[in-house]
Amino acid sequence: MDYASGRLARLRARGDARPAPAEALLSALPTPVLVVDEGGLILDANAAAETLLNLSRSAIIGMGIDDATGHHLRTMPTETPFVAYDLEVLLPGPRHVRADMMAAPLPDWPGWRVVVLHAHPSTAPIARRAGGNLAAAGAAALLAHEIKNPLSGIRGAAQLLEANADAESRELTKLIRDEVDRVAALIDRMEGFTDKRPLELGPQNIHAILEHARSVAMRGFGENIVFKEVYDPSLPPVLGHRDSLVQVVINLLKNAAEALGEKGGTVTLTTAYRHGMRMVTEGGDGRRQLPIEVCVIDDGPGAPAEIAEHLFDPFVSSKRDGRGLGLALVEKMIADQGGMVEYAREGQPERTVFRLLLPRAMRK
Ligand SMILES: Nc1ncnc2c1ncn2[C@@H]1O[C@H](COP(=O)(O)OP(=O)(O)OP(=O)(O)O)[C@@H](O)[C@H]1O
Ligand SMILES: [Mg+2]
C-alpha cells in the first residue's frame, strides 16, 4: 500500500474521507472556469470567472460566450479539445485582458464544453512567447529524435531500390535520397529551436526552390492540387538558405493542401520584385530591404477567425492531428534569414495568402 492510499484508509477509519462536492471545488478553483452549451450559451461560471469578467454569476449565466469574451468562440470544435493563446478578452467597461483559453468537451453532455481561461498579468504575453519557444524547443528535440532514426532506414532502402531501377524510377529514388538528406540536415539545425548559430546565407534561385518544393508536394500530399505559377522571370537571386527555404515552401504547401481538403483546389505561387519593401531591424544596421516577394496562395476557406492572429505561435492548430508547429518553424526559418512572413485573406473572391518578404543577394 503506498503512502497516499494508506493515508486515505486512515482518514476513512476516522470518517473524514468525504470527497469535496464538485460545486465547492469549482467555486474555490482560482482559475476562471465557464460551462458552455452546444449553442454557445454560458450555463455556469465559478467565482474566479466572476472576478475576471467583473460580473456576477447570475449575470454571466445565459450570456453567449461570444459576448462574454468578444470572440467568435461559439463555433469552436465541440468534440475535441481546443486551445487559443493570447486572446484579447473584451470586458465591459470597456477593459480588456489577455488570456489563454482551453476548452474541452463534456462527454456525457454532447456539445457542452468546459472552458478555462488563464489571464496574463500585463507582462505575461512576452513571458508566454518565451515559454512557447522553450516548449517548442523541447518538441523539436523530440521530433528530431523520432525522425532521424527512420530516415537512415528510408535512405538505405532507396539506395537498394536504385541498384535495380530503370532510369525513370531512379529519378524517384534520387528524389527520396535528396529529400532525406535535406531533412536530416535541417533536423540537425532545428534540434535546438533556440539554436542561435547564424545560417549560412548565399544567393538562391527562388524559382528553382519553388519548383523543387512543388515536385515534392505533387508526389506526396498535393495530388488534388492544381498549381499555377505567376513568376517574375527577371527576379534577382534571393539571399537565403536553400534547405530552409524549401522546407518553408513545403510547410506552406502542406497547409494549403490540408485547407483545400479532398475536393482539392488551386494553389498559385507568385514571385515579384517590390521596390520600397523594407523592414526596420532592431540590430545595428538600421533598415534592411526586403524587395523579393513570394506568395503561396490557395482558394481554401482560410484560417478560423479565432486563431488567425496567432497562426505563427507554436502549438496553435485547428486540426484534429495538427501539432501547430509548421508555421512556427516557417516564421523561425524566415526570421533566421532576415525575412518576414505574413498571413492575409485577399482578393475578390477572397483567397488565403502566405507572403514571404526576402532580401536579395547583392552583386559582388
Ligand atoms: N493555407 C491555410 N488555410 C487555412 N488555414 C491555415 C492555412 N495554413 C495554416 N492554417 C491554420 O493555421 C494553423 C497552424 O498551422 P501550422 O502549420 O502551424 O500547424 P498545423 O498545420 O495545424 O500542424 P503541423 O504542425 O502538422 O503543421 C492550422 O491548424 C490552420 O488552422
Ligand atoms: Mg501545418
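**Exercise 1.** How far is an oxygen atom of ligand 1 from an N or O atom in the side chain of Ser318?

*Solution.* First, know your model: it is predicted, with local features needing pLDDT of at least 70 and side-chain atom pairs counting only at pLDDT 80 or more, while totals for chains, interfaces and linings use all residues. Residues are numbered from 1 along each chain as its sequence is written, chains are lettered from A and ligands numbered from 1 in the order written, and side-chain values use heavy atoms, with hydrogens and water left out.

Now look at Ser318: the distance is 2.5 Å, a polar contact (a pair of N or O atoms within 3.5 Å).

Next, find Asp298, with a polar side-chain atom 2.8 Å from a nitrogen atom of ligand 1. Then go to Gly324, where a polar backbone atom sits 3.0 Å from an oxygen atom of the ligand.

**Exercise 2.** Work out how much of ligand 1 the protein buries, and which elements surround the ligand.

*Solution.* Start with the area: alone, ligand 1 exposes 590 Å², and the protein buries 93% of that (Shrake-Rupley method, 1.4 Å probe).

Then pick out the elements giving two or more residues to the shell: helix H9 (242-260), helix H10 (326-336) and strand E14 (351-358). These are DSSP runs, helices being H or I with at least four residues and strands E with at least two. H9 gives the most, four residues.

**Exercise 3.** List the buried residues of H10.

*Solution.* Buried means under 20% relative accessible area (1.4 Å probe, protein chains only). That picks out Leu327, Ala328, Leu329, Val330, Lys332, Met333 and Ile334. Just past the helix, check Gly338: its phi is positive, near 75°.

Note on methods
A polar contact is a pair of N or O atoms within 3.5 Å; within protein, one must be able to donate a hydrogen and the other to accept it, and residues adjacent in sequence count only if both atoms are side-chain atoms. Buried means under 20% relative accessible area, exposed over 50%, partly exposed in between (1.4 Å probe, protein chains only).
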